[in-house]
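Please read the following briefing alongside the sequence and the model. It is arranged by topic for use at the bench.

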Amino acid sequence: MNKGLIFDIRRFTVHDGPGIRTTVFFKGCPLRCQWCHNPESQVLDTEETIKTIILDNRTFRKKEIAGRWMTPNEVIQEIEKDRPFYDESHGGVTFSGGEPLMQPDFLSDLLDRIKAKGIHTVLDTSGYTSRANFLSVIDKPDLFHYDIKLINNTDHQNYTGVSNRRILENLLLLCENGKNVILRFPVIPGITDTRKNIDGVRELVIKVKDHIHEIDLLPWHGLANSKYKRFNKPNKLGKTRDLKKEDLAWISEEFGECGVKVKLGG
Ligand code: SF4
């Protein structure tokens, strides 16, 4: 049976698409963004970690396994628990990660089954996958959340570990095929919010603005710092200060001037 590696299923999420949703987090990602909020999502394998809990001055340590191989039916059972909330709030299911397109057959199968139940779906993706993989699912989600990080390819490689060529090509495929797209732009101090990068993203936005609904600005915060420690992964941005809404105002204005709706947060 086709199984997928999932590291979390969160119910009642409200920032991952319209309405009340269930977000299914796929494990495995080909990128290594320095600002990743889910470092436990990156490796396409289960990982063991020790969770520390301090209670009444006593320390408890608990072994935790990140990632669980699940069948489509097991995932759907979880999703169906909140069906009445999706119907009432015009919500649905979001596939996120990690990168869901790293497990294309499992994702495709889930999208088909959920669509058959009439539930709205969002695919939250970095867009980093082959053209063939991308085309195999392009008609399935109702909405794409598509990340744009860095326009300069050398910078993209330095900060995410991969080239942005496929990402930009796959975005054009979405536009050419008339898909519903929301761009998501992580605002990372000194990395993605440089004058050079904002100019580059502006140029891209002008090019695709007739094909996208909006661009969401996702401000950097250090909430994942403890996860980096727990999973023993290098945390290059550990000392970077959290951004406030005011820090994003100028970027919002610049993108807004391109004629696209801008939203702060997801
Ligand atoms: S694409 Fe997303 S999940 Fe993958 S490394 Fe970057 S931020 Fe993390």
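The points below cover pockets, cysteines, a lysine in a loop and two helices.

This is a predicted model, and the values given here are computed from it. The largest pocket has a volume of about 1,100 Å³, while the second largest pocket holds about 210 Å³ of space. A search of the whole structure finds zero disulfides.

**The largest pocket**

- The lining of the largest pocket is made up of 38 residues, and those that lie nearest its centre are His37, Asn38, Asp124, Arg184 and Leu218.
- Two or more lining residues come from each of the strands β1 (4-13), β2 (21-26), β7 (120-125), β9 (181-187) and β10 (214-219).
- Sorted by class, the lining of the largest pocket contains 14 nonpolar, 15 polar and nine charged residues.

**The second largest pocket**

- Among the residues that line the second largest pocket are Phe7, Asp8, Arg10, Glu40, Lys51 and Glu64, together with Lys227, Arg230 and Phe231.
- At least two residues of this lining are supplied by each of β1, β4 (58-66) and α8 (225-230).
- The lining of the second largest pocket divides into four nonpolar residues, one polar residue and seven charged residues.

**Lysine 233**

- Lysine 233 is found in the loop between α8 and α9 (249-256), and because its relative accessible area is 17%, under the 20% limit, this lysine counts as buried.
- Setting aside neighbours within four places in sequence, the contacts of lysine 233 are with Pro39, Gln42, Val43, Glu47 and Tyr228.

**Cysteines**

- With zero disulfides found in the whole structure, cysteine 175 is in none, and the nearest cysteine sulfur to its own, that of cysteine 258, is 14 Å away, whereas a disulfide would need the two sulfur atoms to be within 2.5 Å.
- Cysteine 258 is likewise in no disulfide, its nearest cysteine sulfur being that of cysteine 175.
- Cysteine 175 is buried, with a relative accessible area of 7%, and cysteine 258 also counts as buried, at 6% relative accessibility.
- Cysteine 33 lies in the loop between β2 and β3 (47-55), and its relative accessibility of 12% places it in the buried class.
- When residues up to four places away in sequence are not counted, cysteine 33 touches Gln42, Lys149, Tyr159, Thr160 and Tyr228.
- Although cysteine 33 and valine 187 are 154 residues apart in sequence, their C-alpha atoms are 12 Å apart in space.

**Helices α1 and α5**

- In helix α1 (residues 72-80), the buried residues are Pro72, Val75, Ile76 and Ile79; seen down the helix axis, these residues fall within an arc of 95 degrees, so they line one face of α1.
- The buried residues of α1 pack against the strands β1, β2, β5 (68-70) and β6 (92-96), and against the helices α2 (83-89) and α3 (104-116).
- In helix α5 (residues 153-160), the residues Asp155, His156 and Thr160 are buried; these cover an arc of only 100 degrees around the axis, which puts them on the same side of α5.
- The elements against which the buried residues of α5 pack are α6 (165-176) and α7 (195-208).
- Thr160, one of the buried residues of α5, is also one of the residues that cysteine 33 touches.

Notes
Residues are numbered from 1 along each chain as its sequence is written. This is a predicted model: local features need pLDDT of at least 70, side-chain atom pairs count only at pLDDT 80 or more; totals for chains, interfaces and linings use all residues. Side-chain values use heavy atoms; hydrogens and water are left out. On a 1 Å grid over the protein atoms alone, a cavity is a set of points where a 1.4 Å probe fits but cannot get out, and a pocket is an open set with protein on both sides within 12 Å along at least five of seven lines; lining residues have an atom within 4 Å of a point. Grid points are joined across faces, edges and corners, and a volume is the space filled by probe spheres set on the points. Helices (H or I, at least four residues) and strands (E, at least two) are DSSP runs, numbered from the N terminus. Ala, Val, Leu, Ile, Met, Phe, Trp, Tyr, Cys and Pro count as nonpolar, Asp, Glu, Lys and Arg as charged, and the others, Gly among them, as polar. Buried means under 20% relative accessible area, exposed over 50%, partly exposed in between (1.4 Å probe, protein chains only). Contact means heavy atoms within 4.5 Å. The arc is that of the directions from the helix axis to the C-beta atoms.
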